[in-house]
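Here is a short tour of a few local features, with the sequence and model to follow along. Let's take a look together.

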Amino acid sequence: MKTLEFVVIDTETTGLSPYKGAKLIEVAGMVVDKDWNIREDMAFHSMINPGVPVPIFITKLTGINNRMVKDAPSAEEVLPEFFRFISGRVLVIQNAPFDLSFLNYYAEKLDLPRITNPVIDTIRLSRKLFSGRHNLDLILARLNILAEDRHRALGDVILTAKAFVKMAAMIGEEEIFKLASRKAFHGKPRS
């Protein structure tokens, strides 16, 4: 089990649900190796052209505007490569149901295999350590991690990786490996 490699992932989207027409606009991932090093040299990042205008409220939240995605590759071009990048690794995600719902929606749409990787949700780790709410800003504050470049996929991946490594040290490697061996929510389609 000690040969596990983790990959922290994040997406940015045009809305809250792919089942209600929201689209991916950015995806990122970064490896945390077996020695708990955050590997910025082992990262994946891409903007995605959603094929629809980016809503103004999303631009205000993320800074991602129509000009930034206009010449970006489509989800059909980006996701096969992203799925290869995460293959065989334990996924670490802040609020996993959200990101997995989008990724598995697109997997189905693009005839790609659904994500079946083990998943560790950093919200779950935070609940083991802290009371109260567990959004990324609060987790970072509790761990004394400066929240920079928020609401962008790569920035949030780096911050989530830092939080994951700190919480893993607090919870203990053995417990993390137990969590990594379980299957988690994988964004099943809603009926």
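## Getting oriented

Helices and strands here are DSSP runs, with at least four residues for a helix and at least two for a strand, numbered from the N terminus. Please keep in mind that this is a predicted model.

## Around helix H4

With those terms in hand, start at Asn95, which sits in the loop between strand S4 (90-93) and H4. Its backbone is worth a glance: phi of Asn95 is near 65°, a positive value in a residue other than glycine. Asn95 counts as partly exposed because its relative accessibility is 35%.

Step into helix H4 (residues 96-109) and you will meet Ser101. Ser101 has a relative accessibility of 10%, so it counts as buried. Its side chain reaches the backbone oxygen of Phe98 at 2.7 Å.

## How H5 meets H7

Next come helix H5 (residues 122-129) and helix H7 (residues 153-171), which pack with their axes 10 Å apart and at an angle of about 40°. H5 is therefore oblique to H7. The crossing of these two, H5 and H7, is left-handed.

On the H5 side, the contact is made by Thr122, Leu125, Ser126, Lys128 and Leu129, and H7 brings Thr160, Phe164, Met167, Met170 and Ile171. By type, the residues in this contact of H5 with H7 comprise 6 nonpolar, 3 polar and 1 charged.

## The loop before H7

Finally, visit His151 in the loop between helix H6 (136-142) and H7. Phi of His151 is near 65°, a positive value in a residue other than glycine. At 25% relative accessibility, His151 is classed as partly exposed.

Conventions
Residues numbered from 1 in each chain as written. Predicted model: local features only at pLDDT ≥ 70, side-chain atom pairs only at ≥ 80, totals over all residues. Heavy atoms only, no water. Buried < 20%, exposed > 50% of the residue type's maximum accessible area, 1.4 Å probe, protein only. Polar contact = N/O pair within 3.5 Å; in protein donor to acceptor, adjacent residues only side chain to side chain. Axes fitted to C-alpha atoms, helices over the stretch in contact; angles between N-to-C directions. Parallel < 35°, antiparallel > 145°, perpendicular 65-115°, else oblique. Left-handed = near helix turned anticlockwise from the far one by under 90°. Contact = heavy atoms within 4.5 Å. Nonpolar A, V, L, I, M, F, W, Y, C, P; charged D, E, K, R; others polar.
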